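Welcome, and please open the model in your viewer. We will go from stop to stop, selecting one piece at a time.

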Amino acid sequence: MTATSTNEPAAFDHIETIVIEGQPTDIVYHRFANKLFLIITQHQKVANVYTVRSHAHNDLSGDDGTTSGAPMDGSNRIYTIKHTFGASSDEAEAAIRYLMNFMQQSDEIVITLGLRQIDKTTLDQIGAQLRKIVLK
């Protein structure tokens, strides 16, 4: 993706294309007041849309938010994923759950995920990039 210089404000907070396993992968990220918007695609189009809500483990169980005295981190979050548009698959939902651990966000996320192949290597590379984008 080629960046162009204009005086107009950018439409999104972050847009980039990275190559993963030989596939150009577009990542678009934008933070709204109460939601995050994220497109991850290797098809150059929106394939599906999911809404992800994050809950701390103690939000659902009523415990004090600690495990063995240690504060809870993003790995102890529970994600509610709702499919809202396009093709749905268990594989895509599992990939989204995996990617959420890289982001550690409590805001609601609207995400589209269109990958040619879903595997750990691809998801780890995308997750590392998301961590840089979202946590900066």
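Which residue of β8 does V52 stand opposite? Select V52 and look across to β8: the residue there is I109. Before moving on, note that this is a predicted model, in which local features need pLDDT of at least 70, side-chain atom pairs count only at pLDDT 80 or more, and totals for chains, interfaces and linings use all residues. Residues are numbered from 1 along each chain as its sequence is written, and side-chain values use heavy atoms, with hydrogens and water left out.

**Stop 1: β4 and its partners**

Helices (H or I, at least four residues) and strands (E, at least two) are DSSP runs, numbered from the N terminus. Select β4, residues 48-56. Three bridges join β4 to β8, and the two run antiparallel; strands count as paired if DSSP finds at least two bridges between them. Now show β7, which is antiparallel to β4 and joined to it by nine bridges. Here V52 stands opposite I81. Seven of the nine residues of β4 are buried (under 20% relative accessible area, 1.4 Å probe, protein chains only), so β4 is largely enclosed by the rest of the structure.

**Stop 2: the whole sheet**

Widen the selection to six strands, which form an open sheet in the order β1-β2-β3-β8-β4-β7, with mixed pairing. Look at the edges: β1 and β7 each have a single partner strand, so one side of each has no neighbour in the sheet. At the antiparallel pair β2 and β3, joined by six bridges, find Y29 opposite L38 of β3.

**Stop 3: α2 and the core**

Next select α2, which packs on the sheet and touches β3, β4, β7 and β8. Contact means heavy atoms within 4.5 Å. Click M100: beyond its neighbours within four places in sequence, M100 is in contact with V52, Y79, I109 and I111. M100 is also among the residues with the most contacts inside the largest nonpolar core, together with I40, L99 and I111. That core has 27 residues, being a set of buried Ala, Val, Leu, Ile, Met, Phe, Trp, Tyr and Cys residues joined through side-chain atoms within 4.5 Å. Its largest share, seven residues, comes from α2.

**Stop 4: α3**

Finish with α3, residues 120-134. This helix packs on the sheet, touching β1, β2 and β3. Its buried residues include L123, I126 and L130, and what covers the buried residues of α3 includes α2 as well as β1, β2 and β3.

Key
The expected span of a helix is 1.5 Å times one less than its number of residues. Buried means under 20% relative accessible area, exposed over 50%, partly exposed in between (1.4 Å probe, protein chains only). Axes are lines fitted to C-alpha atoms, for helices over the stretch in contact, and angles run from 0 to 180 degrees between N-to-C directions.
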